[in-house]
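The questions below ask what stands behind each label given to this model. Each reply sets a value against its rule.

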Amino acid sequence: MESKFTEMYQKEPAEENGNGCEQVINLLDLMVDGEASAEEQHFFNKHIEECVNCFENHQKQKLLKGLISGHLKRVIVPESLAQTIKAKIQETI
Amino acid sequence: MSEQTGKQLSKEEKDARFEAELLPVLDPLYNFAYRLTLDEDDANDLVQETYLKAYRFFDYFEQGTNAKAWLFRILKNSFINEFRKKSKQPAKVDYSEVEGYYNTDDVEGDSGVATTTDMRSESVQDLIGDEVASALNTLPVDFRTVIILCDLEGFTYEEMAKILDIPIGTVRSRLHRARNSLKEKLEKYAKTMGYNS
Ligand SMILES: [Zn+2]
């Protein structure tokens, strides 16, 4: 019992010294892609409330994803393409 | 809503079902093909080939399942096969050239208007879009692919793993490296434009 307690106790300062940051960095993609588990989200959100670096990294990662989803222009499908496909399919037995 | 009636369908019924279920994916599929090939004619061919293959294997497609992921997977496989054939020859196009061509071509009728009207937010948005596109297009095709699937088309990691035939762990690491690489390129651009992050 006692050893487990001291083990847990010892882990905390280590986390503040960068281990938590490393884990958070590994979770960045999962967070912005909505793939993190509830537990991971909780750990992540708790960490970035207190860590400016990781908070900023998260902002940057969201921005990067937003650049693609919000700014990359979609190309326009040639008007004839759907007709061509339908015609080819009708020929196929 | 009866299942497993695929075999008994008449050709007309099959065609109608095919069109109703798979043609709505045409737009994202063409965009994916274009981002892979960076060429409008190649994208056109690739999409046609994909639909013909899908038609041939339509009996194996389970109605109501993810048609989009299914078509993306067929297209990706066709692209790899085509690409292997073509890669025996020297590179056909210079990507930056294609992108330049695409950018001027894409704006079409609107371009004249856009340049005469002053810097409205829309043209600023276009500039950002162009820059994102050219940064993306300089990435290796594997990196480009995961970014398109994830950020533009919103596939989950699991769907991406199925489309690409790779484990989820590989999806994650590839996406991570792709984003770092894209970040680097966009940061360079931001610096040349005089922005500091
Ligand atoms: Zn941190």
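**Labels and their grounds**

Q: Why is Leu38(B) called buried or exposed?
A: Leu38(B) is called buried because its relative accessibility is 0%, and buried means under 20% relative accessible area, exposed over 50%, and partly exposed in between (1.4 Å probe, protein chains only). This is a predicted model, in which local features need pLDDT of at least 70 and side-chain atom pairs count only at pLDDT 80 or more, while totals for chains, interfaces and linings use all residues. Residues are numbered from 1 along each chain as its sequence is written, chains are lettered from A and ligands numbered from 1 in the order in which they are written, and side-chain values use heavy atoms, with hydrogens and water left out.

Q: What is noted about the phi of Leu38(B), and where is the residue placed?
A: Phi is near 55 degrees, a positive value in a residue other than glycine. Leu38(B) sits in the loop between α2 (26-37) and α3 of chain B; helices (H or I, at least four residues) and strands (E, at least two) are DSSP runs, numbered from the N terminus.

Q: What makes Asp165(B) partly exposed?
A: Asp165(B) has a relative accessible area of 44%, and therefore counts as partly exposed. Asp165(B) belongs to the loop between α9 (157-164) and α10 (168-192) of chain B, and its phi is positive, about 55 degrees, although it is not a glycine.

Q: Why does Tyr51(B) count as buried or exposed?
A: The relative accessibility of Tyr51(B) is 0%, so this residue counts as buried. Tyr51(B) is part of helix α3 (residues 40-56) of chain B. Beyond neighbours within four places in sequence, its contacts (heavy atoms within 4.5 Å) include Ile85(A), Phe18(B) and Leu71(B).

Q: How do you know which polar contacts the side chain of Tyr51(B) makes?
A: A polar contact is a pair of N or O atoms within 3.5 Å; within protein, one must be able to donate a hydrogen and the other to accept it, and residues adjacent in sequence count only if both atoms are side-chain atoms. The side chain of Tyr51(B) reaches the backbone oxygen of Leu22(B) at 2.7 Å. A polar atom of that side chain also lies 3.2 Å from the backbone nitrogen of Leu26(B).

Q: What makes Arg179(B) and Asp33(A) a salt bridge?
A: The closest N and O atoms of Arg179(B) and Asp33(A) are 2.8 Å apart, and the rule asks for a side-chain nitrogen of Lys or Arg within 4 Å of a carboxyl oxygen of Asp or Glu. Between chain A and chain B the count is six salt bridges.

Q: How much area is buried between chain A and chain B, and which three residues of chain A supply the most?
A: The area is about 3700 Å², with 63% from carbon and sulfur atoms; buried area is the accessible area (1.4 Å probe) that two parts lose on being put together, summed over both. Lys73(A), Arg74(A) and Val75(A) supply 20% of the area that chain A buries against chain B, more than any other three residues.

Q: How many disulfides are there over all chains?
A: The count is zero, a disulfide being a pair of cysteine sulfur atoms within 2.5 Å. Among the cysteines, Cys21(A) is partly exposed because its relative accessibility is 21%, whereas Cys150(B), at 4%, counts as buried.
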